[in-house]
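Q: Please take a close look at one part of this model and describe it in a connected way. The part I have in mind is the largest pocket.

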Amino acid sequence: MFSTEALFLINLKQEVKMKKIKMNLVAAILISFAFASCEKEVSNASPGKAGQVAMNVKGSGATQLSGISYFDATGACSDAMGAGATYALTLTGDLAGCWYVFVDEFDCSPSGTYREQGRELFVGTYNGEAGSFWTGYRFEAKYEGCAPDGSYLGAEIFGRCQHPIMDGSGEGVFEGVSGRFDFKDDIEAGNFPYRGHIRY
C-alpha cells in the first residue's frame, strides 16, 4: 500500500511525463507544418513555371540576383525593342541594362491605394552575356491621393511589385529561363532595389 503522499508524487510524475509527451508531439506537428508551409511557399513562388527560383550556371541550382534600378533620366534606354514603353528603368547589379515598362491597367482607391499591372522587357547583360526576357507584373503602392481617371496624385508613401518571367520569353543568355523578381521602392533614396531568382 502507498501512502497518500506517495500516491500524490506518483500521479504528479505521471502527469509531468504525459505533459512532456504532449509537448514533444505538438512540437513535432508544428515542425512538420513549418516544413510543409516552406515547401508550399517555394512551389507557389510564382504563377505557373514563371517565378521558379534562380541559377548561376545553366542546369545548376538556384541563385539569388540583386541590384538597384533607377529611372532612366539620361535617355540611355532607347533600344528599338522598348519602343512604346510607358517608361524605362536602368538596372545595375547582377543585371545590367534597361527595364522597359508597359502599363496595361491601373486603378486607385479614394484612400490612395494604387494598383497597376502590365508587361516589362529587360534588355541587357547577365555575367557579361547579352540577352532579354519579358515579365508580367503587379504593382501596389500608397500615394497621397487619387486622380479621377484612376491614376495617383501626390507623393508615393510606399510601393512594391512582383515580376514573374514569362515562359519562353528569354533570348540570348536568358534562353529557357524562368524566374521572378521583386522590386521595393526606396522612397528616400529615389531608387528601386530588386531581388530575384532565375532558373534554366
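How much space lies in the largest pocket?

A: In this predicted model, the largest pocket holds about 410 Å³ of space. Its lining is made up of 24 residues, and those closest to the centre are Phe71, Tyr87, Phe139, Asp185 and Phe192. Sorted by class, the lining has 15 nonpolar, five charged and four polar residues. Several strands contribute: β2 (87–93), β3 (95–108), β4 (113–126), β5 (129–146) and β6 (152–164) each supply at least two lining residues. The largest share, four residues, comes from β6.

Phe139, one of the residues closest to the pocket centre, also takes part in ring pairing. The structure holds 19 aromatic pairs. In one of them, Tyr114 and Phe139 meet edge-to-face, with 6.1 Å centre to centre and 65° between the planes. Tyr114 lies in β4 and Phe139 in β5, so this pair ties together parts that are 25 residues apart in sequence. Both Tyr114 and Phe139 are buried.

A second edge-to-face pair is formed by Phe181 and Tyr194, at 6.2 Å centre to centre and 70° between the planes. Phe181 is in strand β8 (residues 178–184) and Tyr194 in strand β9 (residues 192–199), 13 residues apart. Phe181 has a relative accessible area of 0% and is therefore buried; Tyr194, at 1% relative accessibility, also counts as buried. Phe181 and Tyr194 belong to a cluster linked by ring pairs, which includes Trp99, Phe122 and Phe174.

The loop between β3 and β4 holds Ser109. Ser109 counts as buried because its relative accessibility is 19%, and the cut-off is under 20%. Leaving aside neighbours within four places in sequence, Ser109 is in contact with Arg115 and Cys146.

Note on methods. Residues are numbered from 1 along each chain as its sequence is written. This is a predicted model: local features need pLDDT of at least 70, side-chain atom pairs count only at pLDDT 80 or more; totals for chains, interfaces and linings use all residues. Side-chain values use heavy atoms; hydrogens and water are left out. On a 1 Å grid over the protein atoms alone, a cavity is a set of points where a 1.4 Å probe fits but cannot get out, and a pocket is an open set with protein on both sides within 12 Å along at least five of seven lines; lining residues have an atom within 4 Å of a point. Grid points are joined across faces, edges and corners, and a volume is the space filled by probe spheres set on the points. Ala, Val, Leu, Ile, Met, Phe, Trp, Tyr, Cys and Pro count as nonpolar, Asp, Glu, Lys and Arg as charged, and the others, Gly among them, as polar. Buried means under 20% relative accessible area, exposed over 50%, partly exposed in between (1.4 Å probe, protein chains only). Contact means heavy atoms within 4.5 Å. Rings of Phe, Tyr and Trp (its six-membered ring) pair if their centres lie within 6.5 Å; planes under 30 degrees apart count as stacked, over 60 as edge-to-face and the rest as tilted.
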